[in-house]
Amino acid sequence: TAYEIKECDWSSDVCSSDLKFGMFGRRGLNPEDFHISIKQSANDVTIIGKSPGRRGWDWNNNDLKVHYKITVPNEYSVDLSTSGSSISIADLQGTVIAETSGGGIQVGEISGAVRAETSGGSIRLDGSGHAAYLETSGGSIKVGLVKGDLRASTSGGPIHIDEVGGQVSANTSGGSISAYLSRQPEDDCRLSTSGGSITIYLAEG
């Protein structure tokens with residue numbers, strides 16, 4: 001299952017007509033076996049997809065691929081969870097929670113707090129107006145401007161940080177850490193690695 005969230009320049013409720021999804025599988029698979037339910041309550045929409053008769057995905061025979069492409073107002077918060085693929089989120093005025101066990105996470109400029117966790121890919125965050133918590137067990141982490149605190153942790157790749165306004169905690173077991181800071185951080189920073197170098201670039205002046 002893959003998620004792709006895009007913003008639009010209007011402000012209204014999210015409707016089921018704004019949801020597009022596709023399913024791909026080998027010959028002999030029946031897409032109708034995968035059930036999708038869509039429920040709207042006020043300005044919130046809940047979308048649940050599942051295969052009946054199973055408890056979770058069969059990783060040895062996961063041939064049915066589902067892709068969600070969802071358009072939401074630019075002022076909107078999202079909470080996404082998938083066990084099998086990547087998540088991509090465009091710029092939003094809101095908060096973001098994104099969790100996946102099988103792919104990377106890409107997040108644009110977010111006005112609120114961001115929480116992104118994956119067990120099988122890299123994480124990229126263009127920016128956050130508040131705090132950000134990023135964790136992966138299988139890839140790199142790349143972070144733009146975070147105005148609040150940042151916690152970034154990975155067991156399998158490097159960490160690159162552009163700028164953080166609050167406290168910085170970055171840890172990797174399998175790569176280097178580089179941080180570009182235009183000014184002295186307001187709080188303490190902790191950077192650690194078991195498998196590479198740590199480099200901090202401070203702007204002059």
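# A walk through an all-strand model

Threonine 154 lies in strand 14, which covers residues 150-154. This residue belongs to a predicted model, and it serves here as the starting point for a tour of the chain. With a relative accessible area of 1%, threonine 154 is buried, because buried means under 20%. Setting aside neighbours within four places in sequence, the contacts of threonine 154 are Thr136, Gly139, Ile141, Ile159, Asn171, Thr172 and Ser173. One of these contacts, threonine 172, stands opposite threonine 154 and is part of strand 16.

The setting of this residue may now be widened to the protein as a whole. The protein contains 19 strands and zero helices. Of its 205 residues, 36% are buried. Where contacts join residues at least 6 apart in sequence, 24% of them connect residues at least 24 apart. The accessible surface of the protein amounts to about 11,300 Å², and carbon and sulfur atoms account for 42% of that surface.

The pairing of threonine 154 with threonine 172 leads to the neighbouring strands. Strand 14 and strand 16 run parallel and are joined by five bridges. Strand 16 also pairs with strand 18 (residues 189-193), again in the parallel sense and over five bridges. Within that second pairing, serine 169 has arginine 190 of strand 18 as its bridge partner. Strand 16 is therefore paired with strand 14 on the evidence of five bridges, since two strands pair if at least two bridges are found between them.

Which side chains of strand 16 are buried, and which are not? In a regular strand, side chains alternate between the two faces of the sheet. Strand 16 (residues 168-172) shows such an alternation: Val168, Ala170 and Thr172 point to one face and are buried, whereas Ser169 and Asn171 point to the other face and are not buried. Threonine 172, the residue opposite threonine 154, thus belongs to the buried set.

An alternating arrangement is also found in strand 10 (residues 114-118). Here Val114, Ala116 and Thr118 are buried and point to one face, while Arg115 and Glu117 point to the other and are not buried. Strand 10 pairs in the parallel sense with strand 8 (residues 96-100) over five bridges, and in the parallel sense with strand 12, also over five bridges. Alanine 116 takes part on both sides: alanine 98 stands opposite alanine 116, and alanine 116 stands opposite leucine 134 in strand 12.

The other face of strand 10 introduces the charged side chains. The structure holds two salt bridges. In one of them, the side chains of arginine 115 and glutamate 117 meet, with an N to O distance of 2.8 Å. Arginine 115 has a relative accessible area of 34% and is partly exposed. In the other, aspartate 126 is joined to arginine 124, and the closest N and O atoms are 3.4 Å apart. Aspartate 126 is partly exposed at 29% relative accessible area, as is arginine 124 at 36%.

A loop offers another view of the chain. Serine 137 sits in the loop between strand 12 (132-136) and strand 13 (141-146). At 44% relative accessibility, serine 137 counts as partly exposed, because this value falls between the 20% limit for buried and the 50% limit for exposed. Serine 137 and serine 155 are 18 residues apart in sequence, yet their C-alpha atoms are 4.8 Å apart in space. Not counting residues up to four places away in sequence, serine 137 touches Thr118, Ser119, Ser155 and Gly156.

The tour ends with the aromatic and nonpolar side chains. How many aromatic pairs does a search of the whole structure find? The search finds one. Its members are tyrosine 180 and tyrosine 201, whose ring centres are 4.4 Å apart and whose planes meet at 10°, so the pair is stacked. The pair links distant parts of the chain, with tyrosine 180 in strand 17 (residues 177-181) and tyrosine 201 in strand 19 (residues 198-202), 21 residues apart. Both rings belong to partly exposed residues: tyrosine 180 has a relative accessible area of 36%, and tyrosine 201 has 40% relative accessibility.

Strand 19 also contains isoleucine 198, which is partly exposed at 40% relative accessibility. Together, Ile198, Ile200 and Leu202 form a nonpolar patch on the surface, with about 280 Å² of accessible area.

Technical notes:
Residues are numbered from 1 along each chain as its sequence is written. This is a predicted model: local features need pLDDT of at least 70, side-chain atom pairs count only at pLDDT 80 or more; totals for chains, interfaces and linings use all residues. Side-chain values use heavy atoms; hydrogens and water are left out. Helices (H or I, at least four residues) and strands (E, at least two) are DSSP runs, numbered from the N terminus. Buried means under 20% relative accessible area, exposed over 50%, partly exposed in between (1.4 Å probe, protein chains only). Contact means heavy atoms within 4.5 Å. Rings of Phe, Tyr and Trp (its six-membered ring) pair if their centres lie within 6.5 Å; planes under 30 degrees apart count as stacked, over 60 as edge-to-face and the rest as tilted. Patches are made of residues with over 30% relative accessible area and no salt bridge: like charges are joined within 9 Å, nonpolar side chains (Val, Leu, Ile, Met, Phe, Trp, Tyr) within 5 Å. Accessible areas come from the Shrake-Rupley method with a 1.4 Å probe; for residues, only the protein chains shown count as cover. A salt bridge is a side-chain nitrogen of Lys or Arg within 4 Å of a carboxyl oxygen of Asp or Glu.
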